[in-house]
Amino acid sequence: MDVIRLLGIRDSALSVDEVFGAIGDHAAGGSTIFVGTVRDQDHGKPVTLLSYSAHPSAEDELRRVAEKVAADFPVTALAAVHRVGDLRLGDIAVIVAVACPHRGEAFEASRRLIDDLKSEVPIWKNQLFADGSAEWVGACE
């Protein structure tokens, strides 16, 4: 069975329950979930809205990142979803989850998954600030 249980770039709301359900595995002693949400400021400037967009290759790149994490860690199950479109304060932008035999491995694999997603998957955000200004930020940092 493929340990990569759920991957996606979606223009609809993300579900923590769906992602957690996808990584359920009796061989796992530890599961981690990271949920990234839209916060109300960036670099001290008030944020009012984020708009995410993705390159057509983003899902393929997400799969490549997930496969690398699964190869480098004893992953029994893995899931990652990222939202595109307009998001308001508090909305969920990204969820990654990993199950491994032990908690330490799950934490390490989850950290690698979110860090590599942010640095390698071509997703960009346009931050709109309260003062009317905007800033494009590449998720491929």
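**View 1. The whole chain, with three helices and nine strands in the protein chain.** Helices here are DSSP runs of H or I with at least four residues, strands are E runs of at least two, and both are numbered from the N terminus. Reading from the N terminus, the order is β-α-β-β-β-α-β-β-β-α-β-β. Keep in mind that this is a predicted model, where local features need pLDDT of at least 70 and side-chain atom pairs count only at pLDDT 80 or more, while totals for chains, interfaces and linings use all residues. Residues are numbered from 1 along each chain as its sequence is written, and side-chain values use heavy atoms, with hydrogens and water left out.

**View 2. Overall dimensions of the protein chain, boxed along the principal axes.** The C-alpha atoms fill roughly 50 × 25 × 25 Å. The radius of gyration is 15 Å, which agrees with the value near 14 Å for a compact globule of 141 residues; it is taken over C-alpha atoms, and the globule rule is 2.2 Å times the number of residues to the power 0.38. Take contacts (heavy atoms within 4.5 Å) between residues at least 6 apart in sequence: 71% of them join residues at least 24 apart.

**View 3. The surface of the protein chain and its charges.** About 7,200 Å² is exposed, with carbon and sulfur atoms supplying 50% of it; the areas come from the Shrake-Rupley method with a 1.4 Å probe, and for residues only the protein chains shown count as cover. There are 14 positive and 22 negative side chains, and the centres of the two sets sit 2 Å apart. Lys and Arg count as positive, Asp and Glu as negative, with His and the chain ends not counted; each charge is placed at NZ of Lys, CZ of Arg, CG of Asp or CD of Glu.

**View 4. The largest nonpolar core, with 31 residues.** V75, L78 and L113 have the most contacts inside this core. Elements giving two or more residues to it include strand 1 (4-10), helix 2 (58-72), strand 5 (77-83) and helix 3 (103-120). Apart from it lies another core, of eleven residues, with L6, A22, V81 and A99 among them. A nonpolar core is a set of buried Ala, Val, Leu, Ile, Met, Phe, Trp, Tyr and Cys residues joined through side-chain atoms within 4.5 Å. Buried means under 20% relative accessible area, exposed over 50%, and partly exposed in between (1.4 Å probe, protein chains only). Of the 141 residues, 42% count as buried.

**View 5. Zooming in on V75 and its contacts.** Leaving aside residues up to four places away in sequence, V75 touches V3, V69, A70, V98, A99, C100 and A109.

**View 6. H43, in the loop between strand 3 (41-42) and strand 4.** Phi is near 55° at H43, a positive value in a residue other than glycine. H43 is exposed, because its relative accessible area is 71%.

**View 7. D86, in strand 6 (residues 85-87).** Not counting residues up to four places away in sequence, D86 touches L49, L50 and S51. L128 is 42 residues from D86 along the chain, and their C-alpha atoms are separated by 10 Å.

**View 8. W136, in strand 9 (residues 134-138).** W136 counts as exposed, at 58% relative accessibility. Beyond residues up to four places away in sequence, W136 touches S53, W124, K125 and N126. K125 is eleven residues from W136 in sequence, with 5.7 Å from C-alpha to C-alpha.
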